Amino acid sequence: MRLSGLLPLLDESPSVRRLVDLAGVALPPIALDSDLTIDGSPALMAPQVSAVVREAAKATVIASLQARSGRPIVLLAADPAKAQAWVHDLQTWSQSPDDVH
């Protein structure tokens, strides 16, 4: 079952809109720190936004952020079972589930 059609409803939530605005659809120019490098390549600064999201809503919020930003999102999980659960949940909510790995 795909639930991505419900993501536009999140746009009506002031809390989700604020989180998306804070996270930004694109990285601000300051996010690329020319003095910080990894193997000689410019590195991104640490994220400046954090949020407390209920466990049951995390996949929905992440899918909404990805849909609004149109950018890839990397998610790290503590173990393979949790990673597989994330894949399943994100595929359910994602507008492009074939892109969730």
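Contact here means that heavy atoms lie within 4.5 Å. With that in mind, let us walk through this predicted model.

**Overall layout**

The protein has four helices and two strands. Followed along the sequence, these elements come in the pattern α-α-β-β-α-α. Of the 101 residues in the protein, 23% are buried. Among the contacts with a separation of 6 or more, 61% join residues 24 or more positions apart.

**The nonpolar core**

The largest nonpolar core holds 12 residues in all. Its members are Leu7, Leu10, Val16, Val20, Ala59, Ile62, Ala63, Trp86, Val87, Leu90, Trp93 and Val100. Helices H1, H2, H3 and H4 are the elements that each give two or more residues to this core. Helix H4 gives the most, with four residues.

One core member worth a look is Val87. Leaving aside residues up to four places away in sequence, Val87 touches Val100 and His101. Val100 is itself listed in the core.

**How H2 meets H3**

Two packed helices are described by the angle between their axes and the distance between the axes. For helix H2 (residues 14-23) and helix H3 (residues 58-69), the axes come within 11 Å and cross at roughly 55 degrees. Angles of 35 to 65 degrees fall in the oblique class, and H2 and H3 are therefore oblique to each other. The crossing of H2 past H3 is right-handed.

The table shows which residues make the contact on each side.

| Helix | Residues in the H2-H3 contact |
|---|---|
| H2 | Val16, Leu19, Val20 and Ala23 |
| H3 | Val61, Ser64, Leu65 and Arg68 |

By type, the residues of this contact divide into six nonpolar, one polar and one charged. Val16 and Val20, on the H2 side of the contact, also belong to the largest nonpolar core.

**A closer look at Ser64**

Is Ser64 buried or exposed? Buried means under 20% relative accessible area, and Ser64 has 2%, so Ser64 is buried. This serine lies in helix H3 and takes part in the contact with H2. Which residues does Ser64 touch, not counting those up to four places away in sequence? They are Leu7, Leu10 and Val16. Leu7, Leu10 and Val16 are also members of the largest nonpolar core. Val16 in addition sits among the H2 residues that make the contact with H3.

Conventions:
Residues are numbered from 1 along each chain as its sequence is written. This is a predicted model: local features need pLDDT of at least 70, side-chain atom pairs count only at pLDDT 80 or more; totals for chains, interfaces and linings use all residues. Side-chain values use heavy atoms; hydrogens and water are left out. Axes are lines fitted to C-alpha atoms, for helices over the stretch in contact, and angles run from 0 to 180 degrees between N-to-C directions. Angles under 35 degrees count as roughly parallel, over 145 as roughly antiparallel, 65 to 115 as roughly perpendicular and the rest as oblique. A crossing is left-handed if the near helix is turned anticlockwise from the far one by less than a right angle, and right-handed if clockwise. Ala, Val, Leu, Ile, Met, Phe, Trp, Tyr, Cys and Pro count as nonpolar, Asp, Glu, Lys and Arg as charged, and the others, Gly among them, as polar. A nonpolar core is a set of buried Ala, Val, Leu, Ile, Met, Phe, Trp, Tyr and Cys residues joined through side-chain atoms within 4.5 Å. Buried means under 20% relative accessible area, exposed over 50%, partly exposed in between (1.4 Å probe, protein chains only).
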